[in-house]
Number of protein chains: 2
Amino acid sequence: MEKHEVKAAKCAAQLSAVEDAIYVLGGKWKLRILIALLTGYHRFNELQRTIKGISARVLSAELKSLELNGLVKRVVKADQTPVVVEYLPTEYTRSLKQIITVLGDWGLKHKKRITGKGVKIMEKEVE
Amino acid sequence: MEKHEVKAAKCAAQLSAVEDAIYVLGGKWKLRILIALLTGYHRFNELQRTIKGISARVLSAELKSLELNGLVKRVVKADQTPVVVEYLPTEYTRSLKQIITVLGDWGLKHKKRITGKGVKIMEKEVE
DNA sequence: CAGAATCCGTTAGGATACTG
DNA sequence: CAGTATCCTAACGGATTCTG
């Protein structure tokens, strides 16, 4: 195998692996939900309050998707009234901690970089 | 500050940092483009060939967005005919290497996890 | 509280064709 | 080669209302 073929193969492998990760974790909300989950928020409305801006509809859909991928466990405690539903992180969810850490670190640096320079790329204010 | 307030503050900080990262790197293509860039692909059509499935329109738009964020440098070599345009990673781009590595590792594990179990979450085939 | 149902606007991004 | 220009649609996601 020649040099550029090696390069191509490595790039393709990297590309495909990252692609898979993005496929599961991508989108606006999934990682945020997982962070809240790992932080200790487990109830539906609690999650909605913690994750600013998410609607019940979207939260519900995202939780289902995450459950399909084994990243959330939905637990119904039927022995209580009213019924309590909890969304719990799984063992598998904890394997994401490194991703979250690394991404968070970079995001922090990036914010400092742009606010430090006084550059505003796009408007993002809320109020 | 009480315990749950600390938790809330930490979670919010983490949330906001990751949010910032997603804002810049999110979407279907940005990270893939950066990987190709870091691997050594610099020309427009070269990138399009390497990143399977991306259209010229989208590639063009994404490159502009990345350039705005300082993650790509567009270099025109006017001393040649025809004019050669190169998209080069910056120093700042290299700060993403860890993210790419971690994300790639996880994606690889995840793929093994699902293919190993024979689970097909959603259809994703191309042909 | 924990959602489902409905409606509806925005947008990411695909397909194709064209240009200097 | 290095893009632009158009057109178009599927998916994302916001707002609101309703329910057991």
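Which elements of chain A and chain B each supply at least two residues of the surface near DNA strand C? In this predicted model, chain A provides helix H3 (44-50), H4 and strand S2 (84-89), and chain B provides H4. The views below take up each DNA strand, then the protein interface.

**View 1. Protein surface around DNA strand C.** DNA strand C is surrounded by 17 residues. The closest are A:Arg43, A:Ser60, A:Arg74, A:Tyr87 and B:Arg57. Of the atoms of DNA strand C that come within 4 Å of the protein, 67% are sugar and phosphate. By class, this surface has eight charged, five nonpolar and four polar residues. Both chains contribute: helix H3, H4 and strand S2 come from chain A, and H4 comes from chain B.

**View 2. Close contacts to DNA strand C.** Two residues of chain A reach phosphate oxygens here. A polar side-chain atom of A:Ser60 lies 2.6 Å from a phosphate oxygen of DNA strand C. For A:Tyr87, a polar side-chain atom is 2.4 Å from a phosphate oxygen of this strand. Chain B reaches a base. A polar side-chain atom of B:Arg57 sits 2.3 Å from a base nitrogen of DNA strand C. A:Ser60, A:Tyr87 and B:Arg57 are each listed among the closest residues to the strand.

**View 3. Protein surface around DNA strand D.** Sixteen is the count here: 16 residues surround DNA strand D. A:Arg57, B:Arg43, B:Arg57, B:Arg74 and B:Tyr87 are the closest. Sugar or phosphate accounts for 59% of the atoms of DNA strand D within 4 Å of the protein, and bases make up the rest. The surface divides into seven charged, six nonpolar and three polar residues. H4(B) gives the largest share, four residues.

**View 4. Phosphate contacts of DNA strand D.** Both chains bring a lysine side chain to the backbone of this strand. An N or O atom in the side chain of A:Lys28 is 3.1 Å from a phosphate oxygen of DNA strand D. For B:Lys64, an N or O atom in the side chain is 2.8 Å from a phosphate oxygen. B:Val85 uses its backbone instead: an N or O atom there lies 3.5 Å from a phosphate oxygen of the strand. Two or more residues of the surface near DNA strand D come from each of these elements: helix H4 (56-68) of chain A, and helix H3 (44-50), helix H4 (56-68) and strand S2 (84-89) of chain B.

**View 5. Interface of chain A and chain B.** The contact takes 47 residues from chain A and 47 residues from chain B. About 4,600 Å² is buried between the two chains. Carbon and sulfur atoms give 68% of that area. Eight residue pairs are in polar contact across the interface, both residues at pLDDT 80 or more. On chain A, helix H1 (3-25), helix H2 (30-39) and helix H6 (97-117) each supply at least two residues of the side that touches chain B. H1(A) gives the largest share of that side, 15 residues. The residues of this side divide into 26 nonpolar, 13 polar and eight charged.

**View 6. A salt bridge between the chains.** Side chains of opposite charge can pair when their charged atoms come close. Over all chains, the count comes to 10 salt bridges. One pair runs from A:Asp20 in helix H1 of chain A to B:Lys111 in helix H6 (residues 97-117) of chain B. The closest N and O atoms of A:Asp20 and B:Lys111 are 3.2 Å apart. Across the interface of chain A and chain B there are four salt bridges.

**View 7. Symmetry of the two copies.** Chain A can be laid on chain B with an RMSD of 0.1 Å. The operation is a turn of 180° with a shift of 0.0 Å along the axis. The two copies are therefore related as by a two-fold rotation axis. The same surface serves both copies, as 100% of the contact residues of chain A recur in chain B.

Key
Residues numbered from 1 in each chain as written. Chains lettered and ligands numbered in written order. Predicted model: local features only at pLDDT ≥ 70, side-chain atom pairs only at ≥ 80, totals over all residues. Heavy atoms only, no water. Near = heavy atom within 4 Å. Polar contact = N/O pair within 3.5 Å; in protein donor to acceptor, adjacent residues only side chain to side chain. Nonpolar A, V, L, I, M, F, W, Y, C, P; charged D, E, K, R; others polar. Contact = heavy atoms within 4.5 Å. Buried area = accessible area lost by both parts, 1.4 Å probe. Salt bridge = Lys/Arg side-chain N within 4 Å of Asp/Glu carboxyl O. Least-squares fit on C-alpha atoms with pLDDT ≥ 70 in both.
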